[in-house]
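Q: I'm new to this structure and would love a close look at one part of it. Could you pick up a single residue, show me its surroundings, and then work outwards to the rest of the chain?

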Amino acid sequence: MKLKVAVIFGGKSAEHEVSLRSATNIFNAVDRARLIPLLIGVDKNGVWHYIRRFGK
């Protein structure tokens, strides 16, 4: 059984873009044989989004 792991990124911070790059690196590095990554982004207005398709 694969575990689900949430990658939460973004936010209202001045470091928003850095967080996006970090999330991309983590998402690409996740061992998909063991884990299912779930992407949860926070936009610059503080609104949370579940990202269903990465890169779209």
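A: Happy to. Let's begin with Phe9, which sits in strand E1. Keep in mind as we go that this is a predicted model.

Is Phe9 buried or exposed? Its relative accessibility is 13%, and because buried means under 20%, Phe9 counts as buried. Its surroundings can be listed by contact. Setting aside residues up to four places away in sequence, Phe9 touches Ser19, Leu20, Ala23, Leu39, Ile40, Gly41, Val42 and Ile51. For a contrast, take Arg32: Phe9 and Arg32 are 23 residues apart in sequence, and their C-alpha atoms are 19 Å apart in space.

Phe9 also belongs to a group. The largest nonpolar core has five residues, namely Val7, Phe9, Ala23, Phe27 and Leu39. E1 and H1 each supply at least two residues of this core. As a general point, nonpolar side chains in soluble globular proteins tend to be buried together.

Val7, another member of that core, has its own set of contacts. Again not counting residues up to four places away in sequence, Val7 touches Ala23, Ile26, Leu38, Leu39 and Ile40. Ala23 appears in the contacts of Phe9 and in those of Val7, and that residue leads us to the helix.

Helix H1 covers residues 16-29 and lies across E1 and E2, running at about 160 degrees to E1. How does its length work out? With 14 residues at 1.5 Å a residue, H1 should span 20 Å, and its end C-alpha atoms are 20 Å apart, so the two agree. Within H1, the residues His16, Ala23 and Phe27 are buried. Seen down the axis of H1, the buried residues fall within an arc of 35 degrees, which means that they line one face of the helix. These buried residues pack against E1 and E2.

What about the other side of H1? There, Arg21, Asn25, Asn28 and Ala29 are exposed. Ala29 is a good one to check: this residue of helix H1 has a relative accessibility of 62%, so it counts as exposed. Ala29 and Leu39 are 10 residues apart along the chain, and 13 Å separates their C-alpha atoms.

Now to the strands. Three strands form an open sheet in the order E1-E2-E3, with mixed pairing. The edge strands are E1 (3-10) and E3 (48-51), each of which pairs on one side only. From one strand to the next, the twist averages 30 degrees. In general, strands of a sheet pair through backbone hydrogen bonds, either parallel or antiparallel.

Strand E2, residues 35-42, pairs with E3 in the antiparallel sense over four bridges. Two residue pairs help you find this on the model: Val42 stands opposite Trp48 in E3, and the bridge partner of Gly41 in E3 is His49. E2 and E3 form a hairpin with five residues between the strands, and in this hairpin Gly46 takes a positive phi near 90 degrees. Gly41 and Val42 are also among the residues that Phe9 touches, so to speak a link back to our starting point.

Leu38 gives another view of E2, the strand in which it lies. Is Leu38 buried, partly exposed or exposed? At 24% relative accessibility, Leu38 counts as partly exposed, because that class lies between the buried limit of 20% and the exposed limit of 50%. Leaving aside neighbours within four places in sequence, Leu38 is in contact with Lys4, Val5, Ala6, Val7 and Tyr50. Between Leu38 and Phe27, 11 residues apart along the chain, the C-alpha separation is 8.7 Å.

Finally, step back to the whole chain. The protein chain has one helix and three strands, which run β-α-β-β from the N terminus on. Of its 56 residues, 20% count as buried. Among contacts between residues at least 6 apart in sequence, 61% join residues at least 24 apart. Taken along the principal axes, the C-alpha atoms fill a box of roughly 35 × 20 × 20 Å. Within that chain, Phe9 is the buried residue we began with, and it is one of the five residues in the largest nonpolar core.

How values were computed. Residues are numbered from 1 along each chain as its sequence is written. This is a predicted model: local features need pLDDT of at least 70, side-chain atom pairs count only at pLDDT 80 or more; totals for chains, interfaces and linings use all residues. Side-chain values use heavy atoms; hydrogens and water are left out. Two strands pair if DSSP finds at least two bridges between them. Axes are lines fitted to C-alpha atoms, for helices over the stretch in contact, and angles run from 0 to 180 degrees between N-to-C directions. Contact means heavy atoms within 4.5 Å. The expected span of a helix is 1.5 Å times one less than its number of residues. Buried means under 20% relative accessible area, exposed over 50%, partly exposed in between (1.4 Å probe, protein chains only). The arc is that of the directions from the helix axis to the C-beta atoms. A nonpolar core is a set of buried Ala, Val, Leu, Ile, Met, Phe, Trp, Tyr and Cys residues joined through side-chain atoms within 4.5 Å.
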